[in-house]
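Colleague: Could you take me through this model feature by feature, giving the general idea each time and then the case at hand?

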Amino acid sequence: MRASSGLTVVLGLTMTLVASTDVSAHRTEDYLQAARIGLEPDRVLITLDLTPGIDVAASLMGALDHDGDGALSADEQRGYVGQVLGALKVALDDQPLQPRVVSWSFPEPSAFRRGEGTIRLELQAIVPYVSAGSHRLLFRNAHLAGHSAYLANALVPESARVAVTAQRRDRDQSELTIEYTVRGSAAATLGWVLGGLAGAFLMVRPRTQRCRSRASSRSSGGFRSETAE
Amino acid sequence: MRASVGIATVACLGVSVALAASLAAQRSPSPPAPTVGADATARIVSAAQAFLATLDEGGRTRVQFPFDSPQKARWSNLPTGAFKREGLRMGDLAPAQRAAAMALLSTAFSQEGYRKVVEIMHGDEVLRGGGPGGRGPGGGGVRFGEDEYYLAFLGVPSASAPWMLQFGGHHLAINMTLAGRQATLAPSHTAAQPAGYSFEGRTVRPLGDENDRAFALMASLDDAQRKEAILGYSVSDLVLGPGQDGRTIQPEGLRASALSASQQTMLLDLVHEWAGIANDTLAAPRMDEIRASLPQTYFAWSGPTTAGSAAYFRIQGPTLVIEYAPQRGVDHIHTIYRDPTNDYGARYARE
């Protein structure tokens, strides 16, 4: 977080010095951060597209290009991806999830500097166990707050077992809460049915045996201790 | 193929004449031509072949791509220099070639669609510096203007087999896939900067009808409908713009089933601003499809509701996504038109 704070300061100082020139006729002085969130029964998939406007890109490049060679090395990219990840909060039903970076891509430095390039991060958080029923996913992006414009949207789930029921956001979309339901799968339902039947059988079986024992005892004209059996 | 100043002047004049003609006609649209879809496609194919006949071997090679080429998804809102396009650049065409290219577009598109395309191109010329409000040449090799638009064919123009007519540049990407009597424009991108400019003493607004119809629809909503339609957060850009193929976001907003019959007509008229870029015969079945799924279609709004303000809106149904996103003000607009079930004619390929 210290690195992220440093980045914010660098961006803030630099951007006050950069005159906003609409040379490319496109986004200039803000940083568009767009999150698209896919929900599956056992995982959360997040695509994060980060498009720094031309003024932000110049500052960002300066802050990230530690060796000053005009390009972002794999280590420099990795370091930045870590900063972005550290500014995200993802929680399911109030329990924090730890998204993993599945992949990332950076644009060519020239496109980056022009404010025309997009950094894409593919993140995934495994959900160990989600019961059938209603759930609530929180996504919060605090990366470079104050310099950013945010978009956050739930994707239509690919699994028929998952249905989004509501989306709630704060004013600038840096925070999104997705309410959704998960239906039990056919396999899971069958498992529950079989499990239930097995449990019922195990509960009923000793009584049946007791009844048989008692009937047998009665037929033999005597009583036998169950513990002695 | 090298464009000279004279050629550029002639071409510019040609586009200006087309613009003037289309501007004169824009308020009095003619009824659909009495042809069936197959006839419409045949006319487009004929116009495409006429354009190809103006090219030499090198030109034909540059304009032609395999139908399943990655070129299909190679389009952008960005200007030349910031994004590398393939195909034939309008500025590299001789006047006769350029006239044939524009004739093809006027055949493939409706009168309104062609007007929109020409006005977007002309707006970019204004942005380049060729008119009031021009900003001069862009930095970093970025180029604006009517010459910076590209034409490409994916697949061989055919009256029966699928192929695509791709035309685009800064603020414009029309991806028209044709398959016999069927056609889709999805995904296509229209945009404008400046959103309004002067041409021959009148104000031209390439996306003005989209804006005005949307505000009129909003004005027609009662309080309960508005409450449903208005998103409680700001939307600063397109959610499903260039590079977002294959994604479908969860719909939000007011369901069209909650609209009155006249409001539904207003919504369909608004949708037609995009779907109706295709020529009338090919657009009609698409509009029928959108009308049929109206009960499952949503209208969402973010921003002020006073006409003249910068506001984002989205129309989303089972086969439709439209977004209209002002870029930090009313003078720079981005829009997107998609069909999650048939982008690039995916459905035709399956059939």
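Modeller: What follows is a conversation about the two chains, their sheets, helices and domains.

Modeller: This is a predicted model, in which local features need pLDDT of at least 70 and side-chain atom pairs count only at pLDDT 80 or more, while totals for chains, interfaces and linings use all residues. Residues are numbered from 1 along each chain as its sequence is written, and chains are lettered from A and ligands numbered from 1 in the order in which they are written.

Colleague: How many helices and strands are there in chain A?

Modeller: Helices (H or I, at least four residues) and strands (E, at least two) are DSSP runs numbered from the N terminus. On that basis chain A has five helices and ten strands, and chain B has ten helices and 14 strands.

Colleague: What percentage of the residues in each chain is buried?

Modeller: A residue is buried if 20 or more other C-beta atoms lie within 10 Å of its own, exposed if 12 or fewer, and partly exposed in between, with the C-beta atoms placed from the backbone. Buried residues make up 27% of the 229 residues in chain A, and in chain B 50% of the 351 residues count as buried.

Colleague: And how should I read the contacts by their separation along the sequence?

Modeller: Two residues are in contact if their C-beta atoms, placed from the backbone, lie within 7 Å. Of the contacts in chain A with a separation of 6 or more, 68% are between residues 24 or more positions apart; in chain B, among contacts between residues at least 6 apart, 69% join residues at least 24 apart.

Colleague: In what order do the five strands of the open sheet in chain A lie?

Modeller: Two strands pair if DSSP finds at least two bridges between them. In chain A the order is 5-6-2-1-8, with mixed pairing. Strand 5 (100–105) and strand 8 are the edge strands, each pairing on one side only. Angles run from 0 to 180 degrees between N-to-C directions, and axes are lines fitted to C-alpha atoms, for helices over the stretch in contact; the neighbouring strands of this sheet are turned by 15° against each other on average, direction ignored.

Colleague: Which pairings involve strand 1 of chain A?

Modeller: Strand 1 (residues 31–40) of chain A runs parallel to strand 8 of chain A, to which seven bridges join it, and A:Y31 has A:S148 as its bridge partner there. With strand 2 (residues 43–52) of chain A, strand 1 of chain A pairs in the antiparallel sense over ten bridges, and the partner of A:R36 in strand 2 is A:T47.

Colleague: Why is strand 8 of chain A described as largely enclosed?

Modeller: Seven of the seven residues of strand 8 (residues 148–154) of chain A are buried, so the rest of the structure largely encloses this strand. A:S148, A:Y150, A:A152 and A:A154 point one way, whereas A:A149, A:L151 and A:N153 point the other way, and all are buried.

Colleague: Which strands does helix 3 of chain A lie across?

Modeller: Helix 3 (residues 74–86) of chain A lies across strand 5 and strand 6 (119–126) of chain A, running at about 130° to strand 5.

Colleague: Turning to chain B, how far does helix 9 reach?

Modeller: The expected span of a helix is 1.5 Å times one less than its number of residues. Helix 9 (residues 280–292) of chain B has 13 residues and reaches 18 Å from its first C-alpha to its last, close to the 18 Å expected. Its buried residues are B:D280, B:T281, B:L282, B:A283, B:R286 and B:I290, and what covers them includes helix 2 (37–53), helix 8 (261–275) and strand 12 (312–317) of chain B.

Colleague: With which strands does strand 11 of chain B pair?

Modeller: Strand 11 of chain B pairs in the antiparallel sense with strand 10 (residues 254–255) of chain B over two bridges, and with strand 12 of chain B, also antiparallel, over five bridges. B:R255 has B:Y298 as its bridge partner, and B:F299 has B:I315. Strand 11 (residues 298–302) of chain B is mostly covered, with four of its five residues buried.

Colleague: Why does B:E148 count as buried?

Modeller: B:E148 has 22 C-beta neighbours inside 10 Å and therefore counts as buried. B:E148 is found in the loop between helix 5 and strand 3 (150–154) of chain B, and, not counting residues up to four places away in sequence, B:E148 touches B:P79, B:T80, B:G91, B:R143, B:G169 and B:H170.
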